[in-house]
Structure formats: C-alpha cells, structure tokens
Amino acid sequence: MKNILWYLGFISILSILYFIKGDSGYLLFLSFALFFFTYWTKADERINQNIGRATRNAFLYTMFSSVLSILYINLTENIDFYQWGFALVITGTLAICILSFLYYDNTGN
Amino acid sequence: MLNDTKKGQKLVIIMGIGITTLVVFTLGFYMLADPSIELFDIITIPIILIIVLSSSYLVYDKYKNMKAGLPTQDERLKIASYKAGYYGFIAAIWSAIGSNMASIFLFDQDLRGGLVVAAVVLISGITFILSYFYFSKKGE
C-alpha cells in the first residue's frame, strides 16, 4: 500500500493563516505536521495491513458520526451544534485511527 | 467477525438491504416534503444515488456469492476494503479542512457547518466506493 498518510502533514501549512487573519485557531493546524514523520516509517506487510484496518475504522466512524450529527441537528434544529459536531467528527476520526492502530499493533489481531 | 459465519453473512446482507432502503426512503421523503430544493440539493441527490446504487451492487454481489456457496468476502476483497478505507480516511480529513478553506478563498465566506459535514460524507463516501471498485477489480 502506497504511503500517502504523510501528505496530511501539508495541512499544517494552513497555520500560516494565523499571521494573515490573526485567529489563533489556525495554529491548531500545526498538529498535522506530525504526519510528516510517517514518511520515514519502514512499513512491512503487517504494519500496512494494520494501517489499512485502522484507517478503515476511522472512515466508518466519520460516516456514522457525520450522518448522526446532521440527523441530530435536523431533528432538534439546533444549528449551534454544527461546530461541535464538526469537532466531534475530526477529533474522533484521528483518535479512532490512532487507537485502532495501537490496538491491532499491540494485540496482533 | 460477522463475515466468518453463514448467519453473520446473512445478517450483513440484511443490514445492507435495510440501510439502503432507509436511505432511499429518507431521500424520497425529503424530496416530497420540501418542494423548494436548492442548487446544493440538486447536486447532492445524484451523488447520494450513486453511493446507494454502488452499495446496493456490493450487497447484491455478496448475496450472489452466498447463494453460490462461495465466501462473501475473500482475502483479496478484505485487503481492497482496507485500502479503500485508507483512501476514504485521507479524503475525509482533506475534505473537512479543504471544503471550508476553498469557500473562504473562492467566495470569501465560511461554509455553513451543515455543508462542511455533507461535503465530508459525500467526498469520502465516493472516494471509498471508487477505491473499493478499483482495488477489487485490479486485484492488488
């Protein structure tokens, strides 16, 4: 499997927007720079498979949490929940990806 | 897991049919209930239909294999689903960040929260489906 995870590191460039817009929220994009380290990962078949399974779980979480957020907001008409829903989707996706990878890597399942 | 037993395979197929029916029903209900459909809805409806049709094909393919006494998912398809999930995940992250950024740069305004979430679902969903078909046909 071709390693394209490290491309996510380029999102960190968006933190430059802090100097243009002055919103400190943009600095959070710097955390994506950690993905650059995956470029040097020496992956074997097992690690590749574990990455595939972890990202698949994260993808499934993205789908379910997004759909549930939209459904919740439509039912309650609570528009303010969108920003929380968005944060829930993104942070949850990254957390699920990392935790799943650690689980598969440690248990060998 | 679920695909390992005959009963589990049946359950996966029934779940697939149920979810597809639910999506089609919701889409139909939404279209009938709200006659004032905006441009965004007109664009998203065909995309949702593509996802529904592709998912239906996958469910049908599983059912066909089960009827023929074959495993519903072999090792090759399992790896294809891992790879597709990998690309779907990358697409989800990029679309979540990129859709709003593109809107700011192109139209100088933030995208409505709902549209960002919708963009994530649609872009990553389409990426997953296309990658799955590509890798399952390519066989690598």
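Helices (H or I, at least four residues) and strands (E, at least two) are DSSP runs, numbered from the N terminus. This is a predicted model, in which local features need pLDDT of at least 70, side-chain atom pairs count only at pLDDT 80 or more, and totals for chains, interfaces and linings use all residues. Residues are numbered from 1 along each chain as its sequence is written, while chains are lettered from A and ligands numbered from 1 in the order in which they are written.

**Exercise 1.** Work out which pattern chain B follows along the sequence.

*Solution.* Start by counting: chain B has four helices and zero strands. Then read along the sequence, which gives α-α-α-α.

**Exercise 2.** Find where B:Glu75 sits and decide whether B:Glu75 is buried or exposed.

*Solution.* First, place the residue: B:Glu75 belongs to helix 3 (residues 75-107) of chain B. Next, recall the cut-offs: a residue is buried if 20 or more other C-beta atoms, placed from the backbone, lie within 10 Å of its own, exposed if 12 or fewer, and partly exposed in between. B:Glu75 has 8 other C-beta atoms within 10 Å, so B:Glu75 is exposed. For the whole chain, 25% of the 140 residues of chain B count as buried.

**Exercise 3.** Describe how helix 2 of chain A packs with helix 3 of chain B.

*Solution.* Take the angle and distance together: helix 2 (residues 45-76) of chain A and helix 3 of chain B pack at about 55°, with axes 7 Å apart. The axes are lines fitted to C-alpha atoms over the stretch in contact, and angles run from 0 to 180 degrees between N-to-C directions.
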